[in-house]
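User: Please take a close look at the place where the domains of this chain meet. I would like a connected account of that part, with the salt bridges and the nonpolar core treated alongside it.

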Amino acid sequence: MSLKKDRASNTSPLTFTDVFVPVENLVGGVPGQGLKQANSVFGYTRLMVAAMAIGAGEAALSIAIPYAKDRIQFGSPLSEKQGYTHKLIVPHIVRFEAASSYLDEVALRIDAGDTDLQVEGAIAKLFASETANRAAEDAIQALGGYGYITEFGVEKIKRDVRITCIYEGTSEILQNIIGMFRWKKTWKTKGAFYRSIAEEMTALHQKNDQAGCQYYGLAAEALNRTILLAHENRLTRSQHVMFCLADMMTHVEIGASLGRKAADLGSSRDPQIQKVQAAARIFAAEVAQLVYQNMLKILLGNGMFTSETFSGFLESISCRQLPFACANTVQDMDRICELVFENKK
Ligand SMILES: Cc1cc2nc3c(=O)[nH]c(=O)nc-3n(C[C@H](O)[C@H](O)[C@H](O)COP(=O)(O)OP(=O)(O)OC[C@H]3O[C@@H](n4cnc5c(N)ncnc54)[C@H](O)[C@@H]3O)c2cc1C
């Protein structure tokens, strides 16, 4: 089979007309329980699709990275141009680090016998598939004209990875699931679920201040307050609000996982450890920005605050600190480039 031309997933229609299925052949064996049975497998089947997406996205980057080192434009390799690396390559390396960290955590829980992981499966698949799809798209751009034609194979990866945002639950259905289940969990626990993540991140920051954990903590607290306010004011009736919340929840939970991993690596000059910690700080900035922006969309977008009362609200959740998650992220991106492209300083 030629990998460049053939489809990775052959798909064809199946038509059933007047088919009789005897009751002993009922899939799952118990009438009326189909949806429940299907839902119970999504914790691991969606994790499998997430893993597949990460593999495809990383494969696209593994083609773009050597290309960028070899391709000389305007007197120097593309890998030495920040406008190229910090736009088309580094953000994806960072997000794959975050996605892999979350995937590993959930996989370990499955191996330990946890069967109630439907939301975690949805979070893993939503984030990994959307990340991989964007990475494959940017890998095409990173190869210029060669990205669009078949020779280097990135356009094939893009076409194949695109399905991961659609099957096994579309991204929008996953946003529905994440928003609904985590909203219920938040008000049932009176905010304890995300508060415990915020407290855990704050404690981790005391142990290791190289992993961006203080910002993951602030973002978790801001998310918590936004969910509770949206609930009290019945904004959760709006699907747009629920999708904004789902994206905040996804980023906070994935970020907390990367924060844990990076903090546990301790303090070291090992380049690979420094890469994970730089990725954790960069991703903390992304999480902080998304949480802040979606909070504005939800609370100001629904006319809940005047400018005076909104300032007071921001103050009450230490939100003024969130933008500082961006501090030194350009240097962190430079550092990741040095390691990935072996660029000399
Ligand atoms: C290559 C391939 C392989 C497949 N393999 C399998 C398989 O092995 N097993 C299997 O069972 N299925 C399989 N499918 C089917 C796949 O799971 C469905 O195509 C997918 O779930 C989307 O359903 P749909 O096509 O009916 O789209 P629709 O449900 O019509 O959705 C269209 C759009 O509307 C959005 N949308 C739908 N409902 C809502 C809502 N409530 N709120 C907001 N937005 C919404 C969707 O997210 C999507 O963007 C496969 C499909 C393909 C293309």
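Analyst: What follows starts from the contact between the domains and then moves to the parts around it. The model is a predicted one, and side-chain atom pairs count in it only at pLDDT 80 or more.

The domain assignment of the protein chain gives domain 1, residues 41–169, and domain 2, residues 177–341. Their C-alpha centres lie 22 Å apart, and the contact between them takes 26 residues from domain 1 and 26 residues from domain 2. Between them, domain 1 and domain 2 bury about 2500 Å², with 72% of that area on carbon and sulfur atoms.

The polar part of this contact can be stated in counts as well: there are four salt bridges between domain 1 and domain 2, and across the interface the rule finds 10 residue pairs in polar contact, both residues being at pLDDT 80 or more. On the side of domain 1 that touches domain 2, the elements giving two or more residues are α1 (34–70), α2 (82–111) and α3 (118–142), and α2 gives the most, with 14 residues.

Two salt bridges can be followed in detail here. K261 forms a salt bridge with E97, with 3.1 Å between the closest N and O atoms. R260 and E105 also meet through their side chains in a salt bridge, at 2.9 Å from N to O; since R260 lies in helix α9 (residues 239–264) and E105 in helix α2, this pair ties together parts that are 155 residues apart in sequence. E105 is partly exposed, its relative accessible area being 26%. There is also a network of salt bridges, in which R109, D114, E120, R182 and E253 are linked. For the whole structure, the search finds 16 salt bridges.

The nonpolar side of the picture is given by the largest nonpolar core, which has 105 residues, and among these I89, L245, F283, M295 and I336 touch the most other members. Helix α10 (residues 271–300) supplies the largest share of this core, 15 residues, and the core draws at least three residues from each of domain 1 and domain 2. As a general point, nonpolar side chains in soluble globular proteins tend to be buried together. For L245, once its neighbours within four places in sequence are left aside, the contacts are with L223, T226, I227, A230, T236 and I298.

Q175 is found in helix α6 (residues 171–188). With a relative accessibility of 10%, Q175 counts as buried, because the cut-off for that class is under 20%. Not counting residues up to four places away in sequence, Q175 touches L126, F243, A246 and D247.

Helix α5 (residues 154–161) offers a further view of buried positions: seven of its eight residues are buried, so this helix is largely enclosed by the rest of the structure. The buried residues of α5 are V154, E155, K156, I157, K158, D160 and V161, and they pack against α1, α3 and α4 (145–148). Within this helix the side chains of K156 and D160 meet in a salt bridge, at 2.5 Å from N to O. Because they are four residues apart in helix α5, K156 and D160 are separated by about one helical turn, and both of them are buried.

The salt bridge between D264 and K207 offers another case, with the side chains meeting at 4.0 Å from N to O. This pair links distant parts of the chain, with D264 in helix α9 and K207 in helix α7, 57 residues apart. D264 is exposed, with a relative accessible area of 55%, and K207 is exposed too, at 63%. Q206 is placed in helix α7 (residues 192–207) and is exposed, with a relative accessible area of 64%; from Q206 to A263 the C-alpha to C-alpha distance is 9.8 Å, although the two are 57 residues apart in sequence.

Two backbone positions complete the account. Most residues other than glycine have a negative phi. D18, in the segment before α1, has a positive phi near 50 degrees, and D18 is exposed, with a relative accessible area of 79%. F74, in the loop between β1 (72–73) and β2 (76–77), likewise has a positive phi near 50 degrees, and F74 counts as exposed at 82% relative accessibility.

Key:
Residues numbered from 1 in each chain as written. Predicted model: local features only at pLDDT ≥ 70, side-chain atom pairs only at ≥ 80, totals over all residues. Heavy atoms only, no water. Core = buried A, V, L, I, M, F, W, Y, C linked by side-chain atoms within 4.5 Å. Buried < 20%, exposed > 50% of the residue type's maximum accessible area, 1.4 Å probe, protein only. Domains from an automatic or database assignment. Contact = heavy atoms within 4.5 Å. Buried area = accessible area lost by both parts, 1.4 Å probe. Polar contact = N/O pair within 3.5 Å; in protein donor to acceptor, adjacent residues only side chain to side chain.
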